[in-house]
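Let's learn to read a few structural features together, in a short dialogue.

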Amino acid sequence: HGYLTLPPGSDGKNLPTIVHPHGGPWARDGWGYNPAIQFLASRGYAVLQVNFRGSTGFGMEHYLASRQQWGQSMQNDIGDALQWAIDNGYSDADRVCIYGGSYGGYAVMAGLTYTPDLYKCGINYVGVTDLPLLFKTAPDSWASGLGQMKEMVGDPKKNKEFLQEWSPSNHADKIKAPVFMAYGRQDPRVNIKHATIMEKAMKKNNVEYELMIKNDEGHGYRKQENQYDFYGRMETFLAENLNP
């Protein structure tokens, strides 16, 4: 289940497309006004949102199907939805970018590393890149849910190699597309080290990338001037890579 937003005035065919996985991941996309989606549609892009397995509101079986599936079947659901959009003529397979924040940012980096032929570019907004680091830097506010998180993602002690395997920072050599990353230095959830570790790996493997860090922001940009800066650069980055 998901949502496909088409740009106004288009015929809905063969469009440059932004795949936009939601954060959480135990959350969901719903129908309604979303300023980021409408911004992208107004610039000529189709926007595809997917309630991949683990998304809430679809029952316990759907939720539990995400157990230890970061980068795997959860990612496959996103790729399958894109293939649906291509097969039905909505999306131009040669003009697809993936953009997401938080877990959605992880899905961006996982998409670029584990399915590198699907995307022409990626925008990682405050996203997880290193799964062991996610637990190592977990804020105190997560204490009550950390046991459940270890069960659903993987235990950093019992499943150390597994978590390393599904950390995009360890697979930067597979990235073929340009990457734009944006982070807040004060982020309590996704530590800034997720950005610097990924940057180091991409630099080592000669990946084309750019990194925006706002020193006065946390998990997502709140100040209007920083939002303008982020979305302005996003618009230019997409135009450079997708030719809308």
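What follows is a conversation on helix packing and backbone angles. This is a predicted model, in which local features need pLDDT of at least 70, side-chain atom pairs count only at pLDDT 80 or more, and totals for chains, interfaces and linings use all residues. Residues are numbered from 1 along each chain as its sequence is written, and side-chain values use heavy atoms, with hydrogens and water left out.

Q: How do α1 and α9 pack?

A: Two packed helices are described by the angle between their axes and the distance between the axes. Here helix α1 (residues 35-42) and helix α9 (residues 224-242) pack at about 40 degrees, and their axes lie 11 Å apart. That makes α1 oblique to α9 (angles under 35 degrees count as roughly parallel, over 145 as roughly antiparallel, 65 to 115 as roughly perpendicular and the rest as oblique).

Q: Which residues make the contact?

A: Contact means heavy atoms within 4.5 Å. From α1 come Ala36, Phe39 and Leu40, and from α9 Tyr231, Met234, Glu235 and Leu238.

Q: Which backbone features should I look at?

A: Most residues other than glycine have a negative phi, and most peptide bonds are trans. Here a cis peptide bond joins Gly24 and Pro25, with omega about 0 degrees. Ser102, not a glycine, has a positive phi of about 65 degrees, and Val126 has a phi near 45 degrees.

Q: Is Val126 buried or exposed?

A: Buried means under 20% relative accessible area, exposed over 50%, partly exposed in between (1.4 Å probe, protein chains only). At 3% relative accessibility, Val126 counts as buried; Ser102, at 18%, is buried too.

Technical notes: Axes are lines fitted to C-alpha atoms, for helices over the stretch in contact, and angles run from 0 to 180 degrees between N-to-C directions. Helices (H or I, at least four residues) and strands (E, at least two) are DSSP runs, numbered from the N terminus.
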